[in-house]
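Please open the model in your viewer and keep the sequence panel visible. The tour below proposes a series of selections and describes what is found at each.

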Amino acid sequence: MLNGHKVAEETEESRTTNMQVKIRQLLESFEATETIHTPEELADRVKSELEIEDEDLSNFTFIEAGNVINQSAYEYVKKEDRIVLIPHCLRDAEKCIAPIDDEGYHCKKCGACIIAEITQAAEDRGIKWYMVGGGSHAINIVKNARPQAVFGIACFDDAKLGVEKVGKFGIPTQAVLLSKAGCVNTEVEIDKVLTKLDLPDSSE
Ligand code: SF4
(Lines give C-alpha, C1' and ligand atoms only; values in the text may rest on other atoms or scores of the structure.)
Protein backbone atom coordinates (compact mmCIF):
# COMPACT_ATOMS: atom_id res chain seq x y z
CA MET A 1 0.00 0.00 0.00
CA LEU A 2 1.27 3.49 -0.83
CA ASN A 3 2.10 5.67 2.15
CA GLY A 4 0.85 9.26 2.44
CA HIS A 5 4.17 10.80 1.39
CA LYS A 6 4.34 8.68 -1.78
CA VAL A 7 0.73 9.51 -2.67
CA ALA A 8 1.43 13.24 -2.20
CA GLU A 9 4.51 12.96 -4.45
CA GLU A 10 2.57 11.19 -7.19
CA THR A 11 -0.29 13.69 -6.96
CA GLU A 12 2.20 16.54 -7.31
CA GLU A 13 3.86 14.80 -10.29
CA SER A 14 0.57 14.27 -12.06
CA ARG A 15 -0.47 17.88 -11.37
CA THR A 16 2.79 19.07 -12.95
CA THR A 17 2.34 16.77 -15.95
CA ASN A 18 -1.24 17.98 -16.49
CA MET A 19 -0.09 21.59 -16.27
CA GLN A 20 2.72 20.95 -18.78
CA VAL A 21 0.21 19.44 -21.23
CA LYS A 22 -2.05 22.49 -20.80
CA ILE A 23 0.91 24.86 -21.33
CA ARG A 24 1.99 23.06 -24.51
CA GLN A 25 -1.56 23.15 -25.93
CA LEU A 26 -1.92 26.86 -25.21
CA LEU A 27 1.52 27.64 -26.69
CA GLU A 28 0.55 25.84 -29.90
CA SER A 29 -2.81 27.58 -30.02
CA PHE A 30 -1.38 31.10 -29.50
CA GLU A 31 1.47 30.44 -31.93
CA ALA A 32 -1.04 29.42 -34.60
CA THR A 33 -3.54 32.20 -34.06
CA GLU A 34 -1.64 35.28 -32.88
CA THR A 35 1.19 37.39 -34.23
CA ILE A 36 3.93 36.41 -31.84
CA HIS A 37 7.57 36.36 -32.92
CA THR A 38 9.80 35.39 -30.01
CA PRO A 39 9.82 32.67 -27.34
CA GLU A 40 9.75 35.42 -24.70
CA GLU A 41 6.55 36.94 -26.12
CA LEU A 42 4.87 33.56 -26.54
CA ALA A 43 5.89 32.35 -23.06
CA ASP A 44 4.74 35.62 -21.45
CA ARG A 45 1.37 35.35 -23.19
CA VAL A 46 0.81 31.82 -21.82
CA LYS A 47 2.19 32.58 -18.35
CA SER A 48 -0.16 35.52 -18.08
CA GLU A 49 -3.15 33.49 -19.34
CA LEU A 50 -2.49 30.63 -16.89
CA GLU A 51 -1.23 32.92 -14.10
CA ILE A 52 2.00 30.91 -13.81
CA GLU A 53 4.33 32.05 -11.03
CA ASP A 54 6.11 28.79 -10.18
CA GLU A 55 9.75 29.02 -11.35
CA ASP A 56 9.98 25.50 -12.80
CA LEU A 57 6.75 25.89 -14.78
CA SER A 58 7.86 29.32 -15.92
CA ASN A 59 11.17 27.88 -17.19
CA PHE A 60 9.32 25.00 -18.86
CA THR A 61 6.99 27.48 -20.59
CA PHE A 62 9.90 29.50 -21.97
CA ILE A 63 11.79 26.47 -23.31
CA GLU A 64 8.63 24.91 -24.73
CA ALA A 65 7.75 28.23 -26.41
CA GLY A 66 11.07 28.00 -28.26
CA ASN A 67 10.29 24.39 -29.16
CA VAL A 68 6.89 25.32 -30.60
CA ILE A 69 8.28 28.22 -32.63
CA ASN A 70 11.19 26.12 -33.99
CA GLN A 71 9.43 22.83 -34.56
CA SER A 72 8.46 23.11 -38.22
CA ALA A 73 11.95 24.32 -39.23
CA TYR A 74 13.47 21.52 -37.12
CA GLU A 75 11.26 18.90 -38.76
CA TYR A 76 12.33 20.12 -42.17
CA VAL A 77 15.82 18.77 -41.46
CA LYS A 78 16.57 15.14 -42.26
CA LYS A 79 17.32 12.99 -39.22
CA GLU A 80 20.86 12.30 -40.40
CA ASP A 81 21.52 16.06 -40.42
CA ARG A 82 20.33 16.51 -36.82
CA ILE A 83 22.43 16.02 -33.70
CA VAL A 84 21.49 15.44 -30.07
CA LEU A 85 23.54 16.97 -27.27
CA ILE A 86 23.48 14.99 -24.02
CA PRO A 87 24.86 16.48 -20.78
CA HIS A 88 27.53 14.36 -19.09
CA CYS A 89 25.92 15.07 -15.70
CA LEU A 90 23.34 12.38 -16.57
CA ARG A 91 26.12 9.76 -16.25
CA ASP A 92 26.51 7.53 -13.25
CA ALA A 93 29.53 9.52 -12.09
CA GLU A 94 31.04 6.63 -10.11
CA LYS A 95 30.56 3.78 -12.57
CA CYS A 96 31.00 5.54 -15.91
CA ILE A 97 33.70 4.09 -18.17
CA ALA A 98 33.22 6.52 -21.06
CA PRO A 99 36.52 7.87 -22.42
CA ILE A 100 36.69 11.57 -23.29
CA ASP A 101 38.28 13.56 -26.12
CA ASP A 102 37.56 16.82 -27.97
CA GLU A 103 34.20 15.46 -29.12
CA GLY A 104 33.15 14.82 -25.54
CA TYR A 105 32.51 11.60 -23.64
CA HIS A 106 32.02 8.41 -25.65
CA CYS A 107 29.34 6.33 -23.91
CA LYS A 108 30.14 2.60 -23.88
CA LYS A 109 26.51 1.73 -23.12
CA CYS A 110 27.42 -0.06 -19.92
CA GLY A 111 23.82 0.40 -18.81
CA ALA A 112 24.61 2.15 -15.54
CA CYS A 113 22.74 5.28 -16.60
CA ILE A 114 20.02 6.53 -18.93
CA ILE A 115 22.56 7.71 -21.52
CA ALA A 116 22.91 4.13 -22.80
CA GLU A 117 19.21 4.22 -23.71
CA ILE A 118 19.36 7.72 -25.22
CA THR A 119 22.43 7.03 -27.37
CA GLN A 120 21.01 3.72 -28.61
CA ALA A 121 17.69 5.41 -29.48
CA ALA A 122 19.53 8.18 -31.36
CA GLU A 123 21.61 5.64 -33.31
CA ASP A 124 18.49 3.61 -34.15
CA ARG A 125 17.03 6.75 -35.75
CA GLY A 126 20.24 7.74 -37.57
CA ILE A 127 20.80 10.80 -35.37
CA LYS A 128 24.38 11.56 -34.31
CA TRP A 129 24.90 12.22 -30.61
CA TYR A 130 27.48 13.99 -28.48
CA MET A 131 27.86 13.81 -24.72
CA VAL A 132 29.00 17.26 -23.70
CA GLY A 133 30.58 18.82 -20.65
CA GLY A 134 28.56 22.04 -20.51
CA GLY A 135 27.15 24.99 -22.42
CA SER A 136 30.36 26.30 -24.02
CA HIS A 137 31.52 22.79 -24.93
CA ALA A 138 28.14 22.21 -26.58
CA ILE A 139 28.53 25.37 -28.67
CA ASN A 140 32.02 24.24 -29.80
CA ILE A 141 30.61 20.87 -30.82
CA VAL A 142 27.93 22.62 -32.89
CA LYS A 143 30.54 24.83 -34.56
CA ASN A 144 32.66 21.79 -35.48
CA ALA A 145 29.91 19.32 -36.36
CA ARG A 146 27.93 21.86 -38.44
CA PRO A 147 24.54 20.14 -38.02
CA GLN A 148 21.40 21.52 -39.64
CA ALA A 149 19.30 21.02 -36.50
CA VAL A 150 20.12 20.52 -32.83
CA PHE A 151 18.21 18.80 -30.05
CA GLY A 152 19.64 19.49 -26.61
CA ILE A 153 18.97 17.98 -23.20
CA ALA A 154 20.00 20.45 -20.51
CA CYS A 155 19.26 22.36 -17.33
CA PHE A 156 17.35 25.61 -17.83
CA ASP A 157 20.38 27.92 -17.88
CA ASP A 158 22.30 25.81 -20.43
CA ALA A 159 19.19 25.23 -22.54
CA LYS A 160 18.37 28.96 -22.66
CA LEU A 161 21.95 29.90 -23.54
CA GLY A 162 22.29 27.07 -26.06
CA VAL A 163 19.01 27.83 -27.85
CA GLU A 164 19.93 31.52 -28.13
CA LYS A 165 23.48 30.87 -29.39
CA VAL A 166 22.61 28.05 -31.79
CA GLY A 167 19.63 30.09 -33.02
CA LYS A 168 22.06 32.88 -33.99
CA PHE A 169 23.73 30.40 -36.38
CA GLY A 170 20.32 30.00 -38.05
CA ILE A 171 20.01 26.41 -36.80
CA PRO A 172 16.58 25.28 -35.53
CA THR A 173 16.55 23.70 -32.08
CA GLN A 174 14.50 21.53 -29.79
CA ALA A 175 15.19 21.17 -26.07
CA VAL A 176 14.16 18.98 -23.16
CA LEU A 177 14.85 20.17 -19.62
CA LEU A 178 16.39 17.91 -16.99
CA SER A 179 13.75 16.78 -14.49
CA LYS A 180 16.41 16.87 -11.76
CA ALA A 181 19.21 19.35 -12.35
CA GLY A 182 22.56 19.73 -10.59
CA CYS A 183 26.20 18.98 -11.32
CA VAL A 184 26.14 15.15 -11.07
CA ASN A 185 23.67 12.29 -11.37
CA THR A 186 20.95 14.43 -12.89
CA GLU A 187 17.74 13.02 -14.38
CA VAL A 188 15.59 13.40 -17.49
CA GLU A 189 12.27 11.87 -18.51
CA ILE A 190 13.05 9.34 -21.23
CA ASP A 191 9.57 9.68 -22.81
CA LYS A 192 10.21 13.37 -23.49
CA VAL A 193 13.60 12.56 -25.03
CA LEU A 194 12.14 9.84 -27.27
CA THR A 195 9.34 12.17 -28.39
CA LYS A 196 11.95 14.67 -29.61
CA LEU A 197 14.07 11.98 -31.25
CA ASP A 198 10.94 10.80 -33.05
CA LEU A 199 9.96 14.22 -34.45
CA PRO A 200 9.24 13.44 -38.09
CA ASP A 201 11.28 14.43 -41.12
CA SER A 202 9.02 16.53 -43.34
CA SER A 203 11.74 17.52 -45.84
CA GLU A 204 10.53 15.15 -48.55
S1 SF4 B 1 25.80 4.09 -19.92
FE2 SF4 B 1 27.45 5.28 -20.92
S3 SF4 B 1 27.43 7.30 -19.96
FE4 SF4 B 1 26.21 5.91 -18.66
S5 SF4 B 1 27.65 5.22 -17.10
FE6 SF4 B 1 27.72 3.70 -18.79
S7 SF4 B 1 29.36 4.36 -20.19
FE8 SF4 B 1 28.89 6.09 -18.80
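Begin by selecting arginine 146, which lies just after helix 5 and takes a positive phi of about 50 degrees; helices (H or I, at least four residues) and strands (E, at least two) are DSSP runs, numbered from the N terminus. Residues are numbered from 1 along each chain as its sequence is written. The model is predicted: local features need pLDDT of at least 70 and side-chain atom pairs count only at pLDDT 80 or more, while totals for chains, interfaces and linings use all residues.

Next, select helix 5 itself, residues 135–145, where Gly135, Ala138, Ile141 and Val142 are buried (20 or more other C-beta atoms within 10 Å of the residue's own, against 12 or fewer for exposed and partly exposed in between, with C-beta atoms placed from the backbone). These four lie on the same side of helix 5 because they cover an arc of only 115 degrees around the axis, taken from the directions from the helix axis to the C-beta atoms. On the face turned away from that buried side, find the exposed residues Lys143 and Asn144.

Now add the elements that cover the buried residues of helix 5, among them strand 1 (82–87), strand 4 (128–132) and helix 6 (156–168); here contact means C-beta atoms, placed from the backbone, within 7 Å.

Finally, colour domain 1 (1–75) and domain 2 (77–204) separately; the bounds come from an automatic or database domain assignment. Their C-alpha centres lie 21 Å apart. The contact between them takes 10 residues from domain 1 and 14 residues from domain 2.

Conventions
Two residues are in contact if their C-beta atoms, placed from the backbone, lie within 7 Å.
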